[in-house]
Amino acid sequence: MNESPLASFLLPEGYRRPPVVAVLNEARVAGEARRWATAAVSGLRERRRTPYVAGAQQRDLDPVLLVPGFLAGDLTLRLMAGALRGQGMRTYRSHILANVGCTLDAAELIEQRLEVIAAKRGSRVQLVGHSLGGMLARGIAVRRPDLVAGIVTMGSPMMAPAAHHRALTASLGGVIALSKLGVPRTMTGDCVGGPCARQSFEESRAPLPEGVEFTAIYSRRDGIVDWRACIDPEATAQVEVRTSHVGMAVDPSVISAVSEALVRHRAAREEAQSWVATA
């Protein structure tokens, strides 16, 4: 058996890989997608029955940037983005077609997007990240609190990035093999076992700056990562859902949890600003 390319520090004591059979939980994604479709149809009918003026949504909420997980791209979060826009939020894509490149390069790309969005909207941005996307968001929030107002992670194993299913490790090995063959913009061994991995890991566990709200969403039914690794003690809220790992991107209950978190983050910041103003 080939030796794992993952550095040992990515799997701290107290965490473990999900058992091999746990991946069967991911079959739930079909039902979770159906629930989204049912909710979407119901919402469309409701909007058609609602007069335009009465149905108008407020647009003064924070802009929201969505970041996909490993092997995924912006398309995987399209349904969630549409649902959030339907609630009056302004959503933006990360411009990641497939999240298979160096994590530091991906973080730099997201920072550049944040700078553009913040300048356009005149405010800090909230980040919503799925799996690896959440870990990227966590690290960026540490470095750039001037750009990030809050983060919501979904199934992101910040506490132990290597606490994932062996099938995912095999996928990582495949991506690294492609980089050795000269395929550009793919992860190298350093990204998961060297200084690059160390920097990303340390940033994703560093204390968050004051004023950055954080909600961590996790599921005990997650068949890809150890759900315990998704519970970050730095989070201001930890929300449990009952979905698969992949299904977090489409399940209506998760979309509702994300929406509520974004609104709660904004309210907490406004309350803090009000308190300072009256102190």
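A nonpolar core is a set of buried Ala, Val, Leu, Ile, Met, Phe, Trp, Tyr and Cys residues joined through side-chain atoms within 4.5 Å. Buried means under 20% relative accessible area, exposed over 50%, and partly exposed in between (1.4 Å probe, protein chains only). The model is predicted: local features need pLDDT of at least 70, side-chain atom pairs count only at pLDDT 80 or more, and totals for chains, interfaces and linings use all residues. Residues are numbered from 1 along each chain as its sequence is written, and side-chain values use heavy atoms, with hydrogens and water left out.

**Exercise 1.** Find the residues that touch the most other members of the largest nonpolar core, and list the contacts of L127.

Solution.
- Step 1: the largest nonpolar core has 49 residues, and those touching the most other members are I110, L114, L127 and V148.
- Step 2: contact means heavy atoms within 4.5 Å. With neighbours within four places in sequence left aside, L127 contacts L65, V67, I110, L114, A137, I140, V148, G150, I151 and V152.
- Step 3: another core, of 22 residues, lies apart from this one; L66, V128, V250 and I255 are among its residues.

**Exercise 2.** Describe the surroundings of W227, starting from its aromatic pair with Y218.

Solution.
- Step 1: rings of Phe, Tyr and Trp (its six-membered ring) pair if their centres lie within 6.5 Å; planes under 30 degrees apart count as stacked, over 60 as edge-to-face and the rest as tilted. The structure holds two aromatic pairs. In one of them, Y218 and W227 are stacked, 5.8 Å centre to centre with 20° between the planes.
- Step 2: Y218 is buried because its relative accessibility is 10%, while W227, at 23%, is partly exposed.
- Step 3: a charge sits over a ring if NZ of Lys or CZ of Arg is within 6 Å of the ring centre and within 35 degrees of the ring normal. The charged end of R220 sits over the ring of W227, 4.2 Å from its centre.

**Exercise 3.** Identify the parts of the chain tied together by the salt bridge between E115 and R144.

Solution.
- Step 1: a salt bridge is a side-chain nitrogen of Lys or Arg within 4 Å of a carboxyl oxygen of Asp or Glu. The closest N and O atoms of E115 and R144 are 3.0 Å apart.
- Step 2: helices (H or I, at least four residues) and strands (E, at least two) are DSSP runs, numbered from the N terminus. E115 lies in helix α4 (residues 103–121) and R144 in the loop between α5 (132–143) and β4 (148–154), so the bridge ties together parts 29 residues apart in sequence.
- Step 3: E111, E115, R143, R144, D146 and E203 are linked in a network of salt bridges.
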